[in-house]
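Work through the exercises below with the sequence and the model at hand. Each task is followed by a solution in steps.

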Amino acid sequence: ELQSVKKHLVVPDYGWYPYDSLSALQVLTRLLEPVFGEVAESLAQGPIVDLGGGDGDLGLFFARLGAQVDVVDHLETNFNQMRGITILREELGLQSGIHDINLDSAFQLPCSAYRFAFFLGTLYHLKNPYYVLENLALHADWCILSTRIARVTPLQTVIETEPVAYLLGAREANNDLTNYWIFSARGLLRILERAGWIVFGYERVGQLLNSDPVRVDADERMFILLKSRLRHPELLVRPVYGWFEPESNAWRWTARRFGLDVVLPADSASSEFALGIEIPGAVLGVSERVRVACNIDGAPAGAVTCTRPGAAELRGRLPSLSAGRTIRLDFIVESDYSPAGMDTRDLGVIVPLLDESQGNQYRLPFRIG
């Protein structure tokens with residue numbers, strides 16, 4: 001339908017944006033498939049924001065499917081001064097918002113809360129990528145981002161494993177003054193983590209051998225599925241089973257079997273974890289010792305044996321190649337303790353809750369490092 005519209009309508013002076021924005025749909029589909037049950041409603045209804053939308057093909061595609069959509073671009077740098085977006089919206093009879101916003105300014109998005117954002121092919125056109133990524137993480141739950149990356153510099157210095165970016169000279173790439181930062185893959189993942197995002201998956205396309213920031217035949221792109229940690233601070237550590245309700249906003253009892261899902265930053269090289277626990281005197285009054293063990297994917301990951309009441313720490317090792325994954329930690333408490341009276345709960349140990357006012361967003365005393 002878009003192709004048909006573009007064939008019989010003309011954008012005065014400039015013509016249509018020359019690149020096929022919908023060519024990314026296959027990559028987007030592969031990234032979304034593992035979490036589609038969680039994002040389907042967001043994509044169907046919105047609100048969605050399409051940042052750097054070109055002629056608005058992608059945003060208007062979701063608007064055609066019924067979602068509330070805002071398409072954002074900048075008049076001065078848009079290929080046809082945003083005439084293409086306006087023509088498409090009117091021809092398709094859609095109510096989508098069209099907004100001229102300079103993302104390199106102290107901008108404000110049209111809506112304070114988006115359920116999904118598309119941010120394709122725009123990041124390397126911005127002078128201040130950190131500001132934009134952090135601002136977006138405050139206002140969007142999910143995001144798919146794509147940008148150009150490089151494995152080597154123009155002088156063939158390898159940057160693939162370093163968290164860096166190459167600053168282009170004026171017109172050095174594609175004769176385009178608006179091209180600025182070309183990140184290494186590790187650099188892109190690092191800035192996303194620090195700007196408040198958790199990586200749920202990514203795919204690299206294009207020149208996968210020796211991509212560089214300049215040559216047309218050495219162009220590599222990275223597509224990344226993200227969820228905002230700023231809007232969803234519980235993401236890093238999520239109790240999934242075997243947890244009883246908080247008491248006095250200070251602690252939670254676990255069952256004898258309990259689990260955590262841990263989402264590790266994609267840039268993390270951490271191999272160890274620690275969980276703080278407390279053993280009440282009543283528990284050790286029944287058992288001479290309490291052992292708490294952790295398994296990951298059925299394999300032993302760590303354990304602690306406590307013979308005195310009070311605070312303890314269970315330390316363990318994370319599996320290799322775990323960065324960017326959601327990992328299930330299964331805990332087993334070996335104890336003879338049973339609560340007295342009418343309390344029929346299968347109690348294991350106590351996990352203290354951390355004071356959020358001291359800056360810990362995740363509340364559970366869990367750390368990696």
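**Exercise 1. The end and the buried side of a helix**

Task: Find the residue that follows helix 5 and give the sign of its phi. Then list the buried residues of helix 5 and say how they are arranged around its axis.

Solution:
- Step 1. In this predicted model, G93 comes after helix 5, and its phi is positive, near 65 degrees.
- Step 2. Helix 5 covers residues 83-92, and its buried residues are G84, I85, L88 and L92.
- Step 3. Viewed down the axis of helix 5, these buried residues fall within an arc of 100 degrees, so they line one face of the helix.
- Step 4. A general rule fits here: an α-helix has 3.6 residues a turn, so residues three or four places apart point the same way.
- Step 5. The cover over the buried residues of helix 5 includes helix 1 (2-8), helix 4 (57-64), strand 2 (69-73) and strand 3 (97-100).

**Exercise 2. Two helices that pack**

Task: Describe how helix 6 and helix 7 are set against each other.

Solution:
- Step 1. Helix 6 spans residues 129-139 and helix 7 spans residues 185-194; their axes lie 9 Å apart, at an angle of about 50 degrees.
- Step 2. Roughly parallel would need an angle under 35 degrees, and roughly perpendicular one of 65 to 115. Helix 6 and helix 7 are therefore oblique to each other.
- Step 3. The crossing of helix 6 with helix 7 is right-handed.
- Step 4. On the helix 6 side P129, Y130 and L133 take part, and they meet I191, L192 and R194 of helix 7.

**Exercise 3. One tyrosine**

Task: Is Y241 buried, partly exposed or exposed, and which residues does Y241 touch beyond four places in sequence?

Solution:
- Step 1. Y241 belongs to strand 10, residues 237-243.
- Step 2. Its relative accessibility is 31%, and partly exposed lies between 20% and 50%, so Y241 counts as partly exposed.
- Step 3. Y241 touches R257, F258, G259, R328, D330 and F331, leaving aside residues up to four places away.
- Step 4. For D330, 89 residues from Y241 along the chain, the C-alpha separation is 9.2 Å.

**Exercise 4. The chain as a whole**

Task: How many helices and strands does the chain have, and where does pLDDT stay under 50?

Solution:
- Step 1. The chain has eight helices and 18 strands.
- Step 2. Of its 369 residues, 48% are buried.
- Step 3. The average pLDDT is 90, and 94% of the residues score at least 70.
- Step 4. Over residues 356-362 pLDDT stays under 50.

Key. Residues numbered from 1 in each chain as written. Predicted model: local features only at pLDDT ≥ 70, side-chain atom pairs only at ≥ 80, totals over all residues. Heavy atoms only, no water. pLDDT = per-residue confidence, 0-100. Contact = heavy atoms within 4.5 Å. Buried < 20%, exposed > 50% of the residue type's maximum accessible area, 1.4 Å probe, protein only. Helix = DSSP H or I, 4+ residues; strand = E, 2+ residues; numbered from the N terminus. Arc of directions from axis to C-beta. Axes fitted to C-alpha atoms, helices over the stretch in contact; angles between N-to-C directions. Parallel < 35°, antiparallel > 145°, perpendicular 65-115°, else oblique. Left-handed = near helix turned anticlockwise from the far one by under 90°.
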